[in-house]
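This briefing is meant for a reader who is meeting the structure for the first time. It begins with a pocket, then turns to salt bridges, the surface, and a few points of backbone geometry.

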Amino acid sequence: RVRGDCASICDSIGNLLMYCGSPNQDIWRPPGPPYIYDDGFMLNRYNNIISNGDSLKCNLGYQEMIITPNPGNSNQFYVFTAGVLSSPLPMGFFYNIVDLSLNNDSGYVIQKNIPLASFQVGDGVAAVKHGNGRDWWVLFRPWDSNVPNNTFYLYLATPQGLSGPFIQNVGTSVSLGGSYRRNEFSKDGSTLFTSSSTGLLEYYDFDRCTGELSNFKRIWIDQLAVIAGLAVSPNSRFAYCFTGNALYQYDMELDTTIHIDDYDGFADPEGTVLAATFYQAQLAPNGKIYACASNGVRYLHVINNPNEAGL
């Protein structure tokens with residue numbers, strides 16, 4: 001079990017290439033020395049820890065890991081990790097480079113825990129492909145009392161390496177009394193959605209060529225709930241907000257929010273009975289949206305037709 005901090009990447013036809021995560025205190029992990037909160041790890045498609053792929057700088061949070069291809073080498077991938085908590089836990093933003101062709105195709109981490117920022121980073125690291133179809137933008141929001149809440153940091157991965165940070169201040173700088181839990185790009189990359197622990201949804205137009213954010217808009221979804229899960233429909237029109245006990249659909253075209261569903265009380269009967277509430281969500285290649293439940297539940301929720309408005 002991990003608390004949101006996990007990522008995976010597959011090839012173009014869906015074959016698993018690698019995945020990674022950071023542990024909670026009760027997680028099973030492959031045999032090895034005792035671990036602490038910043039002991040994230042990478043695993044290859046054979047479910048083995050990649051050589052030099054342990055002790056990643058990260059800590060418990062939500063969407064604090066993401067993997068992108070290295071535009072300069074088809075065998076290599078960037079693994080970005082964030083630390084939202086303060087000392088003695090890791091704090092900042094880091095990158096790692098893994099080459100999956102090394103070590104008899106089992107992979108080797110050739111660069112590890114390279115710092116890009118030293119302040120507290122907010123939950124919700126996101127990536128989207130550049131308009132040129134090759135490079136990658138990586139985005140996060142600081143969570144630091146010395147930095148305005150409307151600040152975005154972007155880095156650009158190109159064949160020449162990483163460049164940035166490109167810093168923007170967009171929208172209104174208002175203290176929300178909580179963190180931004182998710183940053184999610186629409187499938188076409190034209191819109192960035194963010195959600196917070198105070199029931200807030202925001203979205204921005206995004207230029208995939210310049211990296212510019214613009215046309216900020218704020219919507220209160222449920223001021224009494226944490227939006228832990230956020231996913232965008234394939235047609236980029238609807239944002240789905242999962243708040244544990246409820247699911248909402250926001251319609252960008254009509255600027256309306258609909259309460260779609262409530263948690264029905266179902267619990268996973270295997271072992272300790274655990275509630276199958278609404279938690280983190282992801283748009284899948286088949287056009288459906290899948291959401292997990294918290295606390296290690298084995299069941300998934302599914303939205304079969306996320307392009308449709310209403311119930």
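In sorting residues by type, Ala, Val, Leu, Ile, Met, Phe, Trp, Tyr, Cys and Pro count as nonpolar, Asp, Glu, Lys and Arg as charged, and the others, Gly among them, as polar. Sorted in this way, the residues that line the second largest pocket divide into 17 nonpolar, five polar and four charged. The model is a predicted one, and the points below should be read with that in mind.

**The second largest pocket**

- The volume of the second largest pocket is about 400 Å³, and its lining is made up of 26 residues.
- Of these lining residues, Leu247, Ile260, Asp261, Val302 and Ile303 are the ones that lie nearest the centre of the pocket.
- Several strands each supply at least two residues of the lining, namely E17 (238–242), E18 (246–251), E19 (256–262), E23 (289–291) and E24 (301–303).
- Ala291 has its place in strand E23, and this residue counts as buried because its relative accessibility is 2%, where buried means under 20%.
- Although Ala291 and Ala231 are 60 residues apart in sequence, their C-alpha atoms are 8.9 Å apart in space.

**Salt bridges**

- The count of salt bridges in the model comes to nine, where a side-chain nitrogen of Lys or Arg has to be within 4 Å of a carboxyl oxygen of Asp or Glu.
- Arg218 forms one of these salt bridges with Glu202, and the closest N and O atoms of the pair are 2.7 Å apart.
- Arg218 lies in strand E15 (residues 213–220) and Glu202 in strand E14 (residues 200–206), so this salt bridge ties together parts that are 16 residues apart in sequence.
- The two partners do not fall in one accessibility class, since Arg218 is partly exposed, with a relative accessible area of 24%, whereas Glu202 is buried, with a relative accessible area of 1%.
- Glu202 and Arg218 also belong, together with Arg141, to a network of linked salt bridges.
- Arg298 forms a salt bridge with Asp268, with the closest N and O atoms 3.0 Å apart.
- Because Arg298 lies in the loop between E23 and E24 and Asp268 in strand E20 (residues 267–268), the pair ties together parts that are 30 residues apart in sequence.
- Arg298 is exposed, with a relative accessible area of 52%, while Asp268 is buried, with a relative accessible area of 2%.
- Glu184 and Arg182 form a further salt bridge, in which the closest N and O atoms are 3.0 Å apart.
- Glu184 counts as buried at 13% relative accessibility, and Arg182 counts as buried at 4%.

**Surface patch and partly exposed residues**

- Leu102, Tyr108 and Ile110 make a nonpolar surface patch of about 240 Å².
- Leu102, a member of this patch, lies in helix H1 (residues 102–105), and Leu102 counts as partly exposed because its relative accessibility is 34%, a value in the range between the limits of 20% and 50%.
- Trp143 is found in the loop between strand E9 (136–140) and strand E10 (151–158), and with a relative accessible area of 37% this residue is partly exposed.
- Trp143 and Gln120 are 23 residues apart in sequence, yet their C-alpha atoms are 5.2 Å apart in space.

**Backbone geometry**

- The peptide bond that runs from Gly164 to Pro165 is cis, with omega near 5°, and Pro165 itself lies in strand E11 (residues 161–169).
- Asp105, which is found in helix H1, has a phi near 65°, a positive value in a residue other than glycine.
- The relative accessibility of Asp105 is 39%, so this residue counts as partly exposed.
- Ser236 likewise has a positive phi, near 65°, and is a residue other than glycine; Ser236 is found in the loop between strand E16 (229–232) and E17.
- At 10% relative accessibility, Ser236 counts as buried, whereas Asp105 counts as partly exposed.

Conventions: Residues are numbered from 1 along each chain as its sequence is written. This is a predicted model: local features need pLDDT of at least 70, side-chain atom pairs count only at pLDDT 80 or more; totals for chains, interfaces and linings use all residues. Side-chain values use heavy atoms; hydrogens and water are left out. Patches are made of residues with over 30% relative accessible area and no salt bridge: like charges are joined within 9 Å, nonpolar side chains (Val, Leu, Ile, Met, Phe, Trp, Tyr) within 5 Å. Accessible areas come from the Shrake-Rupley method with a 1.4 Å probe; for residues, only the protein chains shown count as cover. Helices (H or I, at least four residues) and strands (E, at least two) are DSSP runs, numbered from the N terminus. Buried means under 20% relative accessible area, exposed over 50%, partly exposed in between (1.4 Å probe, protein chains only). On a 1 Å grid over the protein atoms alone, a cavity is a set of points where a 1.4 Å probe fits but cannot get out, and a pocket is an open set with protein on both sides within 12 Å along at least five of seven lines; lining residues have an atom within 4 Å of a point. Grid points are joined across faces, edges and corners, and a volume is the space filled by probe spheres set on the points.
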